[in-house]
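Let's take a walk through this structure and look at its aromatic rings and its cysteines. Have the viewer open as you read.

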Amino acid sequence: GNHTLLMEFVLSGLSGHPELQHLLFFTFCLVYTMTVIGNLLICMVTVHPTLHMPMYFFLRVLSILDISTASTVVPKVLLSFLSEDRSISFMGCVTQLYCVVFLATTEWYLLAAMAYDRYVAICNPLRYTVIMNTRVCLSLVLLSCCSGNVVSVVQTAWVFTLPFCGPRKINYFFCDIPPLILLSCTDTSLYEKQIITATVLVIFTPFCLILVSYACIISSILKISSAGSRHKTFSTCSSHVVVVTLYCASGALIYLRPKSSNSQDTKKVLALIYTTIIPTLNPLIYSLKNKEVREVLIRMM
């Protein structure tokens, strides 16, 4: 009888200090612009006839996911810096949560597919075009999207079937699972266990597959006689592993203890990593360090 039918939520935003609002607005506006321009450049470059390879197809899909992730979160954050009205409708919150979970899950499985692609290219170069044909590449992307959709539908449905009591203020800058279940006035222990299980399946399973792929790649690299080739491949692999580890750590620390007493400010910083920082870094790490991509980009410009 004390349950409240919430028609909208209020997001607290990133900072409660009015004097920082304009500085944060310009900072995030710059980061968002870099994210969109960088990933759009990758989308345009990778359609060039000389880059019709599975690796560049996956990079193009990754760029689309990164633009979508940033666009789901950052515009609302930018608006909060300029307006005192930080409300978001109930259906707007549902949509935002679905999109964030769908895009993050899809990107995780896509990163695993990309690691497998690099494993085949380096460890089985003579059979690369046979193994990674167009059908296989499309199937891997479709499987990633389907997995993201299933996980997102289940998680979103579970969260919004919980009874919410007042207050309606979400101590976060977007609608996410941990801050939302804090508003529930029922026992969420079963749901927390379900989140942990989903986190293991969504984050740690692809992460282990990625590590195994790169372990096999490193093993093959050590057999290369040329020191220059070894250094170049090690450099590429290490940067990929660093980004994936950063992505894994930020997601795990947020979702493995969804209702913990940890500072919400800490979780906000971790959430910034996978919603804002990673989409900005991916074009630099995965694409612009690639010599072929740089050459095509220079010719196009």
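Which residues form one aromatic cluster? They are Phe 9, Phe 90, Phe 160 and Phe 164. Keep in mind that you're looking at a predicted model.

Now for the aromatics in general. Searching the whole structure turns up 16 aromatic pairs. Take Trp 158 and Tyr 191: the ring centres sit 5.5 Å apart and the planes meet at 25°, so this pair is stacked. The cut-off at work here is that planes under 30 degrees apart count as stacked. Trp 158 belongs to helix H5 (residues 134-160), while Tyr 191 belongs to helix H7 (residues 189-221), so the pair ties together parts that are 33 residues apart in sequence. The two partners also have their own surroundings: Tyr 191 is buried, at a relative accessible area of 3%, whereas Trp 158 is partly exposed, at 35%.

Next, have a look at Phe 173 and Phe 174. This aromatic pair is edge-to-face, with 4.9 Å from centre to centre and 70° between the planes. Phe 173 counts as buried with 3% relative accessibility, and Phe 174 is buried too, with a relative accessible area of 0%.

On to the cysteines. How many disulfides does a search of the whole structure find? It finds 1. The bond is formed by Cys 93 and Cys 175, whose sulfur atoms are 2.0 Å apart. This disulfide links distant parts of the chain, 82 residues apart: Cys 93 is in helix H3 (residues 90-123), and Cys 175 is in the loop between strand E3 (169-170) and helix H6 (177-181). If you check the torsion about the S-S bond, you'll get -120°, and the link of Cys 93 and Cys 175 is left-handed. Both Cys 93 and Cys 175 are buried.

So what about Cys 99 and Cys 145? For Cys 99, the closest cysteine sulfur is the one in Cys 175, and at 11 Å that is too far for a bond. Cys 145 has its closest cysteine sulfur in Cys 146, 7.0 Å away, which is also too far for a bond. The reasoning is simple, because a disulfide needs the two sulfur atoms within 2.5 Å. As for their surroundings, Cys 99 is partly exposed, with a relative accessible area of 25%, and Cys 145 counts as partly exposed as well, at 27% relative accessibility.

Notes: Residues are numbered from 1 along each chain as its sequence is written. This is a predicted model: local features need pLDDT of at least 70, side-chain atom pairs count only at pLDDT 80 or more; totals for chains, interfaces and linings use all residues. Side-chain values use heavy atoms; hydrogens and water are left out. Rings of Phe, Tyr and Trp (its six-membered ring) pair if their centres lie within 6.5 Å; planes under 30 degrees apart count as stacked, over 60 as edge-to-face and the rest as tilted. Helices (H or I, at least four residues) and strands (E, at least two) are DSSP runs, numbered from the N terminus. Buried means under 20% relative accessible area, exposed over 50%, partly exposed in between (1.4 Å probe, protein chains only).
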